[in-house]
Amino acid sequence: MAAAMRSRCPGSGALLATLLGPRRGCSSFRASQLEVERSRSPRPKPDPQGLQFGRVFTDHMLSVEWSRAGGWGRPRIRPFQDLRLHPACSALHYAVELFEGMKAFRGADDKIRLFRPELNMQRMERSAQRVCLPPSLGVAPPGQALLFVILCPVGPYFPGGHFSPVGLLADPSHTRAWPGGAGHCKLGGNYGPTIALQRAAQARGCQQVLWLHGPERLLTEVGTMNLFVFWHREDGELELVTPPLDGLILPGVTRQSLLELAREWGEFGVREGPLPMGTVLAALAQGRLREMFGSGTACVVCPVGGILYEEKWYPVPTMEHGPELAQRFLRVLSDIQYGHVPSEWAQPL
Ligand SMILES: Cc1ncc(COP(=O)(O)O)c(C=O)c1O
């Protein structure tokens with residue numbers, strides 16, 4: 001499932017809006033106002049075996065228009081269709097847009113569950129604030145905005161439950177986010193510029209980019225996933241570490257869930273702290289690193305098999321260790337998402 005907002009209005013209107021003061025009109029919209037127009041030409045259902053992410057969409061989409069003068073309009077479910085945008089649309093020129101992504105799971109009981117959707121909505125609110133889009137606003141630079149929700153069916157990320165580990169290209173000459181920037185928001189502008197390095201990673205035989213930051217070459221994220229390291233500290237204690245929410249990384253719903261689960265289990269140390277490349281390579285060299293994996297809605301967890309850094313390949317022994325922790329996280333979260341284990345994190349709709 002994806003949601004996005006796009007604003008229409010050049011910057012001069014924005015300044016005027018600020019000067020005019022608080023907006024009038026509807027500050028919210030409700031499901032009871034929903035208008036439904038059904039598609040007259042529904043397409044055949046796709047083969048569930050051959051689904052590719054983001055290729056096939058449902059026959060309908062939800063959209064809600066917003067304007068500074070009128071606030072939110074009525075929510076509408078309509079046949080899936082192209083958008084019409086003014087060529088000066090600020091989403092196209094200045095990336096005044098945001099998106100969110102979450103999954104709906106059909107459970108063993110045939111009920112549909114969303115996984116912690118309130119966390120996605122809170123993140124969406126924070127992204128909206130960063131680019132001055134509604135619903136966060138009293139005074140909004142954009143004059144018009146469109147909220148739309150589109151859905152596409154997806155198959156299992158690891159078919160048959162078999163993990164395939166990824167290799168990472170760590171190139172310190174590129175950075176995804178920086179202090180004071182917007183790396184913690186899910187804004188389109190954070191993603192487009194990463195595609196070239198992702199292609200470079202693939203050309204070097206890696207599947208993902210390991211994003212580094214600063215002179216200490218801090219490990220921040222893996223592609224579009226948060227990063228976890230499970231190791232023995234120098235004093236021998238077992239510890240799970242993930243980079244802190246310092247503005248450089250996206251606060252993942254999965255990241256938060258893994259941290260909460262691990263803290264609840266209380267079986268090993270759990271820390272949100274910096275991961276300098278030197279410290280990670282030392283742990284690898286000393287055989288202390290057990291597992292490294294990414295986390296995200298698409299895969300839940302994705303094991304890392306090695307890092308290409310300064311022309312040298314560093315194997316990471318995640319698979320050699322099971323990976324016990326990554327597999328446990330995947331099992332526990334999937335059981336919740338598919339309704340095998342009741343949880344307030346995934347209530348039937
Ligand atoms: C840059 C980035 N980091 C991490 C994540 C993982 O977040 P989540 O667990 O909410 O899917 C995502 C995906 O949304 C992402 O785009």
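Biologist: Among contacts in the chain between residues at least 6 apart in sequence, what share joins residues at least 24 apart?

Modeller: That share is 73%; a contact here means two C-beta atoms, placed from the backbone, within 7 Å. Bear in mind that this is a predicted model, where local features need pLDDT of at least 70, side-chain atom pairs count only at pLDDT 80 or more, and totals for chains, interfaces and linings use all residues. Residues are numbered from 1 along each chain as its sequence is written.

Biologist: Why does the radius of gyration agree with a compact globule?

Modeller: The rule, over C-alpha atoms, is 2.2 Å times the number of residues to the power 0.38. For 349 residues that puts a compact globule near 20 Å, and the chain has 22 Å, so the two agree. The C-alpha atoms fill a box of roughly 65 × 50 × 40 Å along the principal axes.

Biologist: Why does Gly247 count as partly exposed?

Modeller: Buried takes 20 or more other C-beta atoms within 10 Å of the residue's own, exposed takes 12 or fewer, and partly exposed is in between. Gly247 has 15 such neighbours, so partly exposed it is. Across the chain, 34% of the 349 residues count as buried.

Biologist: Where is Gly247, and which residues does it contact beyond four places in sequence?

Modeller: Gly247 is in the loop between strand E14 (238-242) and H5; helices (H or I, at least four residues) and strands (E, at least two) are DSSP runs, numbered from the N terminus. Its contacts are Pro179, Gly181, Gly183 and His184. Ala182 is 65 residues away along the chain, yet its C-alpha atom is 7.0 Å from that of Gly247.

Biologist: What makes something a nonpolar core?

Modeller: You need buried Ala, Val, Leu, Ile, Met, Phe, Trp, Tyr and Cys residues, joined through C-beta atoms within 7 Å. The largest such set has 44 residues, with Leu168, Leu210, Val229 and Phe329 making the most contacts inside it. A second, separate core of 16 residues includes Val64, Val131, Ala145 and Cys185.

Biologist: How many residues surround the ligand, and what puts a residue in that shell?

Modeller: A residue is near the ligand if its C-beta atom, placed from the backbone, lies within 6 Å of it. There are 13 around the ligand, the closest being Leu250, Gly252, Val253, Thr254 and Thr297. H5 gives the largest share, three residues.
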